[in-house]
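Biologist: Could you take me on a close look at one part of this model, the open sheet, and then walk me outwards to the loops and charged pairs? I would like one connected account that I can follow with the structure open.

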Amino acid sequence: DFNPDQADLEWDAGVNGVPMTVAGWSQAPSYTGTVTIPTTYAGDFKSLTVNGDMSIEGGTLTQMANDQTEEYRLKLDVKGAFTVGPSGTIDISVKGPLGLPSGRYAGVYGGDIGTFGQAYGSIQEPDSCGARGYSKCAGGGAAWIEAAGAATINGRIESDGQELNGYISSGGSIYLKASAVTVGSSAIVSATAVGSAGGSGT
């Protein structure tokens with residue numbers, strides 16, 4: 001049977017009348033599904049705009065997984081307050097591309113790993129996905145969140161890499177800008193490699 005509190009959803013804006021701009025966004029604590037926002041670096045759907053408050057009190061918000069190139073990221077433009085509650089999660093882990101663009105090294109992003117390669121991307125305004133591992137295990141995705149109001153994080157925001165066949169991918173990036181940011185003591189904000197040999201995200 002269909003249960004809306006457990007159903008997954010892809011917000012495919014531009015298809016069947018699904019808008020790129022909404023008045024508000026609320027995921028209730030009872031919601032346990034995953035909402036995928038397929039915003040892209042280029043193209044028509046570059047950002048989901050929320051004209052009011054955005055509250056993720058339950059379930060998971062994520063980006064579309066990349067294939068070989070860095071096409072998808074999670075980009076949110078919130079005109080009000082932004083909240084991730086204790087039961088809410090933004091998880092873009094293992095959503096990075098499996099290809100390796102020129103100038104990037106496997107398992108590296110925001111942290112050098114010695115002779116294996118140097119870090120890339122911006123520290124102040126990170127917007128890149130994490131680099132894959134040598135076994136082509138995907139790195140973390142990229143989240144860019146801007147809120148005109150205050151941001152309160154009591155849940156999880158994660159953009160981690162993974163370990164596969166002994167090789168490690170790097171974490172991705174999390175950028176959060178708001179009028180004020182409060183991170184609770186039980187919150188988790190993470191963009192890191194899973195093992196000790198990989199590069200961190202930013």
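Modeller: Happy to; here is the sheet, followed by the loops, the salt bridges and a surface patch.

A word on the ground rules: this is a predicted model, in which local features need pLDDT of at least 70 and side-chain atom pairs count only at pLDDT 80 or more, while totals for chains, interfaces and linings use all residues. Residues are numbered from 1 along each chain as its sequence is written, and side-chain values use heavy atoms, with hydrogens and water left out.

Let us begin with the sheet. Five strands make up an open sheet with parallel pairing, in the order β2-β5-β7-β9-β14. Strands here are DSSP runs of E with at least two residues, helices are runs of H or I with at least four residues, and both are numbered from the N terminus. Two strands count as paired if DSSP finds at least two bridges between them. At the edges you will find β2 (21-22) and β14 (173-177), each of which pairs on one side only. Within the sheet, β7 (residues 74-78) runs parallel to β9 (residues 142-147), and five bridges join this pair. To find the pairing on your screen, look for L76, which stands opposite I145 in β9.

Staying with the numbering of β7, you come to D77, which forms a salt bridge with K79, the closest N and O atoms being 3.0 Å apart. A salt bridge here means a side-chain nitrogen of Lys or Arg within 4 Å of a carboxyl oxygen of Asp or Glu. Side chains of opposite charge can pair when their charged atoms come close. D77 is partly exposed at 25% relative accessible area, and K79 is also partly exposed, at 42%. For these labels, buried means under 20% relative accessible area, exposed means over 50%, and partly exposed lies in between (1.4 Å probe, protein chains only).

The whole structure holds two salt bridges. Besides the D77 pair, E158 and R156 meet through their side chains at 2.7 Å, N to O. E158 counts as buried at 11% relative accessibility, whereas R156 is partly exposed at 35%.

Now step back to the loop between β6 (54-63) and β7, where E70 sits. The side chain of E70 reaches the backbone nitrogen of C129 at 2.7 Å. E70 is partly exposed, with 24% relative accessibility. Its C-alpha atom is separated by 9.6 Å from that of K95, 25 residues apart along the chain.

Two further loop residues deserve a look for their backbone. Most residues other than glycine have a negative phi. N16, not a glycine, has a positive phi of about 55 degrees; N16 lies in the loop between β1 (9-10) and β2 and counts as exposed at 77% relative accessibility. V94, in the loop between β8 (82-91) and β9, likewise has a positive phi of about 55 degrees without being a glycine. With a relative accessible area of 31%, V94 is partly exposed.

Last comes the surface. V181, V183 and V189 make a nonpolar patch of about 240 Å². Patches are made of residues with over 30% relative accessible area and no salt bridge, where like charges are joined within 9 Å and nonpolar side chains (Val, Leu, Ile, Met, Phe, Trp, Tyr) within 5 Å. The areas come from the Shrake-Rupley method with a 1.4 Å probe, and for residues only the protein chains shown count as cover. Of these, V189 belongs to strand β16 (residues 188-190) and is partly exposed at 48% relative accessibility.

Terms used. A polar contact is a pair of N or O atoms within 3.5 Å; within protein, one must be able to donate a hydrogen and the other to accept it, and residues adjacent in sequence count only if both atoms are side-chain atoms.
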